Amino acid sequence: MSVTLGPLLPVVVIDDADTARPLAEALRDGGIRHIEVTLRTPAALDALREMATVDGVTVGAGTVLTGEQADAATAAGASFLVSPGWDAALGEHMRRRDLTWLPGVATPSEAMAARAAGFSRLKLFPVELLGGVAFVDALAAVLPDVVFAPSGGIRVDQAADYLSRPCVETVGGSWMAPRDLVARRDFAGVTAASRAAVEALP
Ligand code: 3PG
């Protein structure tokens, strides 16, 4: 199973599963094709299950910390899995299950370990604290066969700069669906934020 991610990956935190469908539709209507539902709330798996039935979007799970979470998210309809960090045992679980997994890395050593284990699409997190695009360039120079998904602290006006790097597959962030907007059920606001993010791309 392999999923090629679109340029923008909203990282969403869902407190109420009832918001899942209108949120996914709002993101889709703003031009978003992939959504990362973080497993940070009790509602996350139900939300993921609901979002996975929405036409026009592909849904993955984020903040995957354990193999059990990976299996539960996959059973709920996740097409890809993202973790904030690198974990060799978790990588072995993903490899055995043949799951699409983007582990998180924050150092060259972690990137080397993930790559050596067969994972060459890596979340760079928290990228703005790590040095932003300069950090992406530094890693890409020594690991030319690795593809990156930077996330963490990126602003809407910075996404295009990241995406101008050939090694960047997708840029993750919460700005397309801020938690407070979702909590207020401001789905028109989510569509507007998504559309603005898409239109800011080259
Ligand atoms: C992530 O998991 O990638 C972060 O939660 C992204 O959120 P931010 O855009 O608010 O940093």
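**Two pockets and a ligand**

In this predicted model, the second largest pocket takes up about 160 Å³. Its lining is made up of 15 residues, and Val11, Arg40, Gly173, Ser174 and Trp175 are the ones closest to its centre. Sorted by class, that lining comes out as 8 nonpolar, 5 polar and 2 charged residues.

So much for the walls; now for what sits inside. The second largest pocket is the space taken by the ligand. Around the ligand are Val11, Arg40, Lys123, Phe125, Ser151, Gly152, Gly153, Gly173 and Ser174. This shell splits into 2 nonpolar, 5 polar and 2 charged residues. Val11, Arg40, Gly173 and Ser174 turn up in this shell and also among the residues closest to the centre of the pocket.

Some of these neighbours bring side-chain atoms up to the ligand's oxygens. For Arg40, a side-chain N or O atom is 2.6 Å from an oxygen atom of the ligand. Ser151 has a polar side-chain atom 2.5 Å from a ligand oxygen, and for Ser174 the distance between a side-chain N or O atom and an oxygen of the ligand is 2.5 Å. As for cover, the ligand on its own has 320 Å² of accessible area, and the protein covers 79% of it.

That leaves the largest pocket, which holds about 200 Å³ of space. Its lining counts 12 residues, with Leu99, Thr100, Trp101, Gly118 and Phe119 nearest the centre. By class, the lining of the largest pocket has 5 nonpolar, 4 polar and 3 charged residues.

Technical notes:
Residues numbered from 1 in each chain as written. Predicted model: local features only at pLDDT ≥ 70, side-chain atom pairs only at ≥ 80, totals over all residues. Heavy atoms only, no water. Near = heavy atom within 4 Å. Polar contact = N/O pair within 3.5 Å; in protein donor to acceptor, adjacent residues only side chain to side chain. Areas by Shrake-Rupley, 256 points an atom, 1.4 Å probe, with all protein chains shown as cover. 1 Å grid on protein atoms, 1.4 Å probe; cavity = no way out; pocket = protein on both sides within 12 Å on 5 of 7 lines; lining within 4 Å. Sits in = over half its atoms within 2 Å of the grid points. Nonpolar A, V, L, I, M, F, W, Y, C, P; charged D, E, K, R; others polar. Points joined across faces, edges and corners; volume = space filled by probe spheres on them.
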